[in-house]
Amino acid sequence: MTSRSDVSAVKAALRTQAIETPSWAYGNSGTRFKVFAQPGVPRNPFEKLDDAAKVHEFTGAAPTVALHIPWDRVEGSGGYAKLAKHAEERGLTLGAINSNTFQDNDYKLGSVCHPDAAVRRKAVDHLFECVDIMDATGSKDLKLWFADGTNYPGQDDLRDRQDRLAEGLARVYERLGDDQRMLLEYKFFEPAFYATDVPDWGTAYAHCLKLGPKAQVVVDTGHHAPGTNIEFIVATLLREGKLGAFDFNSRFYADDDLMVGAADPFQLFRIMYEVIRGGGLASDVAFMLDQCHNIEAKIPAIIRSVMNVQEATAKALLVDGEALAAAQRAGDVLAANAVVMDAYNTDVRPLVAEVREESGLHPDPIAAYHASGWAGRIAAERVGGEQAGWGA
Ligand code: PSV
Ligand code: MN
Ligand code: MN
């Protein structure tokens with residue numbers, strides 16, 4: 001097991017971990033069958049930041065918030081600067097700008113891969129707008145997920161679509177500032193059911209490699225076929241310097257967007273182990289959540305998600321590297337596996353609570369949130385107006 005001096009290194013590493021929460025997780029969401037509206041849900045991006053500030057206040061580990069355009073569009077000149085200031089006043093900064101090229105009738109056959117050049121132009125113009133917003137908010141990351149794909153063999157030319165994708169990405173890449181990045185997210189299916197244009201890490205990696213150092217891959221943990229070894233992908237992308245970010249969530253079936261660490265905490269631990277092994281904790285890999293809270297209360301669910309990532313990270317940090325390497329060198333399969341399992345089976349909750357207390361936080365962020373009265377206050381105050389939501 002880990003020695004006392006190692007425990008202080010584990011605590012120090014935990015203190016540096018920052019998790020980015022998504023603006024859309026604070027709004028109403030649901031399945032294609034029903035959206036169950038919740039009381040007190042934010043009516044605009046400013047109120048989403050107010051809620052995000054609570055997550056950061058009680059966890060001390062969620063200082064940035066990802067936006068989604070147009071869901072978080074702010075009208076009027078200086079609107080985004082105001083939003084950035086609103087964030088700053090609450091101890092937050094604005095994180096990745098997520099583009100949306102999937103909720104417009106024009107995108108029925110795709111966006112940057114669409115067969116019609118006029119639609120491709122419209123999509124690229126939207127991505128330019130996202131970069132303009134980054135300039136105004138100070139955001140460093142442009143996060144791209146494309147719903148592009150085809151439903152039937154022969155519907156469109158697979159190779160031509162890749163060429164169009166490469167061309168669109170290259171135009172946006174040129175527009176990026178020196179300290180800005182493009183993060184390309186893959187997903188194996190949905191909404192396209194035959195061929196998705198960025199279906200896997202290999203496709204995303206190939207495009208990013210061609211584009212240059214400012215293009216990196218996003219691993220959304222819900223975007224793989226069942227049984228995929230995600231930690232291997234993480235290890236590979238880190239080796240190549242191409243892991244830009246995570247979209248954390250968990251899934252029992254496909255892109256379920258449930259709370260990270262809920263479905264498979266062991267997988268999350270294995271991923272975090274590879275992150276640490278590859279130096280990813282101290283790098284500029286962004287640890288984002290991409291989740292929807294359809295039936296559970298949103299703010300405590302996001303707090304729980306942050307805690308789940310912290311606990312998986314703590315367990316991964318506890319893996320005794322020397323003992324593991326010795327067992328591996330000796331070819332002792334069972335001993336090597338036991339080292340990993342020892343760390344995973346450690347109850348790290350007291351350790352993480354201690355880290356919080358040492359930073360002046362309540363050891364139990366969820367209890368602290370409930371005691372704060374915030375849920376009652378927003379339910380009473382946020383009446384009237386349109387509640388924000390996924391797709392709103
Ligand atoms: C759709 O699958 C998706 O969940 C992607 O993961 C994006 O990151 C997210 O929506 C926001 O556009
Ligand atoms: Mn995602
Ligand atoms: Mn998704």
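The following paragraphs lead through a predicted model, from an annotated domain to a helix, a ligand shell and several backbone features.

The UniProt record, an unreviewed entry, carries the annotation "domain: Xylose isomerase-like TIM barrel" for residues 80–254. In the model, this span is 40% helix and 18% strand, and its end C-alpha atoms are 34 Å apart.

Helix 5 comprises residues 158–175, 18 residues in total. From its first C-alpha to its last the helix reaches 26 Å, which is close to the 26 Å expected at 1.5 Å a residue. The buried residues of helix 5 are Arg 161, Arg 164, Leu 165, Gly 168, Leu 169, Val 172 and Tyr 173. These buried residues pack against two helices and two strands: helix 4 (117–137) and helix 6 (201–211), together with strand 6 (181–185) and strand 8 (215–220).

Strand 6 and strand 8, as partners of helix 5, lead on to the ligand. The residues around ligand 1 are Asn 98, Trp 145, Glu 185, Lys 187, Asp 220, Asp 247, Asp 255 and Asp 290. By class, this shell divides into 6 charged residues, 1 polar and 1 nonpolar.

Two cis peptide bonds may be examined next. One joins Ile 69 and Pro 70, with an omega of about 20 degrees. Pro 70 belongs to the loop between strand 2 (64–68) and helix 3 (79–89). Another cis bond runs from Glu 190 to Pro 191, where omega is near 10 degrees. Pro 191 is placed in the loop between strand 6 and strand 7 (195–196).

Glu 190 deserves attention for its own backbone as well. This residue is not a glycine, yet its phi is positive, near 80 degrees. Glu 190 is found in the loop between strand 6 and strand 7. Is its position buried or exposed? Glu 190 counts as exposed because 12 other C-beta atoms lie within 10 Å, and the criterion for an exposed residue is 12 or fewer.

A positive phi also occurs at Asp 257, with a value of about 55 degrees, although this residue is not a glycine either. Asp 257 is located in the loop between strand 9 (243–248) and helix 8 (265–277). Asp 257 has 23 C-beta neighbours inside 10 Å and therefore counts as buried, the criterion being 20 or more. Thus, of these two loop residues with positive phi, Glu 190 is exposed, whereas Asp 257 is buried.

Terms used. Residues numbered from 1 in each chain as written. Chains lettered and ligands numbered in written order. Predicted model: local features only at pLDDT ≥ 70, side-chain atom pairs only at ≥ 80, totals over all residues. UniProt positions renumbered as here; feature names shortened; annotations may be inferred. Helix = DSSP H or I, 4+ residues; strand = E, 2+ residues; numbered from the N terminus. Expected span 1.5 Å × (residues − 1). Contact = placed C-beta atoms within 7 Å. Near = placed C-beta within 6 Å. Nonpolar A, V, L, I, M, F, W, Y, C, P; charged D, E, K, R; others polar.
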